[in-house]
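Visitor: Hello! I am in my first year and would love a close look at one part of this protein. Could you take me to the nonpolar core and then show me what lies around it?

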Amino acid sequence: MYKIKSVLLGVALTVTTVSVWGQAANSPFTSRGLGDIYDMSLAHNQGMGGLGISNGSYWHLNNVNPALLPYNSLTIFTAGFIGERRTLENSTTSETNSGGNLNFLAMAFPVKPGIWTTSLGLMPYSNVDYKFSYTDVVPGTDTEVQFTEEGSGGFNQFYWSNGVALNKRVFVGVKATYLFSSIETKYSDILVDENLAAYSAVNKELFSASDFLFSAGLAFNQDSIFNNKIKLKAGLTYDFNADVKTKRAQSFGLEQVNRPILNAKNDTIRGGITIPQAIGAGISLSNGFKWMAGVDVKMQQWSDYKDFNGENSDNLKNSLKITLGGEFTPDYGSVTSYLKRVTYRLGFGYEETPYTINGNQVKDFGINFGWSLPVGRFSSLDMAFKYGQRGDVQDNLISEDYFKVYLGFNFNDQWFIKRKYD
């Protein structure tokens, strides 16, 4: 009971912290669609580029494919944070910014160890953080007008996953996600006159979502191939197409030196957006707790995306992500060397993002590495790092170099076990 209360207190403190933690680093690419879409990868997955569709883990929460949850036969609680630094560049200038945020908060426990495991989690679904500003001259005058467009916020997700082992080789899983929170956009123009203070006409939109998404997973485990040492694993995930209920609230106003002097608010309009289906597949090879290597492929039909107006106004394209990665533990059971019990990871990722700029689809390439430091019998401190580049100055008019740091706290313990003896 004491352990449960401690975890609940940790959850409360972490949720409180997220409201003051801050946003991810500013990126102009988040102005498209719903912004940057987060995947379900946790810190240990990120060390391998996000790999996780087929490679089930006994000591880490299987969050990418719900069908792999039966591997978690212990109660597990995990929390993670992300920090990032981005450098934006075009043909004439560059800009660097940074930020950080809560990345995930999740737990799982076996309903029937090795057969059925359930999991609950909270993490961001998308992130929006951008600001554009430019000046122009009113035709026929010398008066300058400064135009600004900025966006912030994003959607969050609270999910419930279940995985069941049909037998020793076949596993199935389902996930229900509640999508919530909002994205705020602000459009303003400032007319500056020599004899008057600056006046700004401001248009704000608050775009909120509140609905459910559903996903399913399948996993296959072939024991003992290649001289009875190597295991072959495969996995599939499917995110169903979803018509999400949304609402949009607009307000108009006139400001002077950031002080409102006139405000008018429209009625809230209810509507919906369409988040398209996605399918992922993965395959991996492993040799016990020694090493594992695999590849994942995921595609999503973003060309079918519909915004609040029922259009694909940002001209989103179908996305494709390919991940190659693996992990290596020199000697998991070593009692003489701590470093031999550390798990080392490496991964590479290539993605054709849904964004199109200057008529060209934006590409993203990243290199990941990381490790898990054992803590106690089954727990660990997980770290991962990623360096990547998104976009190209020649093709997309802008490029983005980024560096991300992932930190995860992973606790395993035997809870909810019925005593056989008093």
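Guide: In this predicted model, the largest nonpolar core has 23 residues, and L34, F155, L179, V244 and I275 are the ones that touch the most other members. Several strands feed this core: strand 5 (126-137), strand 7 (170-191), strand 8 (199-209), strand 11 (242-256), strand 13 (269-275) and strand 17 (343-357) each give at least two residues to it. In soluble globular proteins, nonpolar side chains tend to be buried together.

Let's pause at L34. Leaving aside residues up to four places away in sequence, L34 touches Y125, S126, N127, V128, F155, I183, F207, I273, I275 and Y305. Two names in that list, F155 and I275, may ring a bell from the core. There is also a second, separate core, made of 14 residues, with A43, L69, I76 and M123 among them.

Now step back to the whole chain for a moment. The chain holds 4 helices and 20 strands, and 44% of its 422 residues are buried. Of the contacts between residues at least 6 apart in sequence, 65% join residues at least 24 apart.

Let's pick up strand 17 again, one of the strands that supply the largest core. On one side, strand 17 is joined to strand 16 (residues 319-328) by 9 bridges, and the two run antiparallel. Here G325 stands opposite G347 of strand 17. Strand 17 also pairs with strand 18 (residues 360-375), again in the antiparallel sense, over 12 bridges. In that pairing I357 faces N360 of strand 18. The hairpin of strand 17 and strand 18 has 2 residues between the strands, and N358 takes a positive phi near 60° there.

Charged side chains join in too. R345 forms a salt bridge with E327, with the closest N and O atoms 2.8 Å apart. R345 belongs to strand 17 and E327 to strand 16, so this pair ties together parts that are 18 residues apart in sequence. R345 counts as buried because its relative accessibility is 6%, a value under the 20% cut-off. E327, at 25%, is partly exposed.

Strand 16 has another link to show you. K321 and D39 meet through their side chains in a salt bridge of 3.1 Å, N to O. K321 lies in strand 16 while D39 sits in the loop between strand 1 and helix 2, so the pair ties together parts that are 282 residues apart in sequence. Both ends are partly exposed: K321 has a relative accessible area of 23%, and D39 has 29%.

The chain has 8 salt bridges in total. One of them brings together the side chains of D36 and R86, at 4.0 Å from N to O. D36 is in strand 1 (residues 36-37) and R86 in strand 2, 50 residues apart, which makes this a link between distant parts of the chain. D36 and R86 are both buried, and a network of salt bridges links them with E84, R390 and E400.

One last stop is N55, in the loop between helix 2 (43-46) and strand 2 (75-89). N55 is buried, with a relative accessible area of 10%. A polar atom of the N55 side chain lies 3.3 Å from the backbone nitrogen of G52. Beyond residues up to four places away in sequence, N55 touches M48, N62, L68, S284 and M292.

Note on methods. Residues numbered from 1 in each chain as written. Predicted model: local features only at pLDDT ≥ 70, side-chain atom pairs only at ≥ 80, totals over all residues. Heavy atoms only, no water. Buried < 20%, exposed > 50% of the residue type's maximum accessible area, 1.4 Å probe, protein only. Contact = heavy atoms within 4.5 Å. Polar contact = N/O pair within 3.5 Å; in protein donor to acceptor, adjacent residues only side chain to side chain. Core = buried A, V, L, I, M, F, W, Y, C linked by side-chain atoms within 4.5 Å. Pairing = 2+ DSSP bridges.
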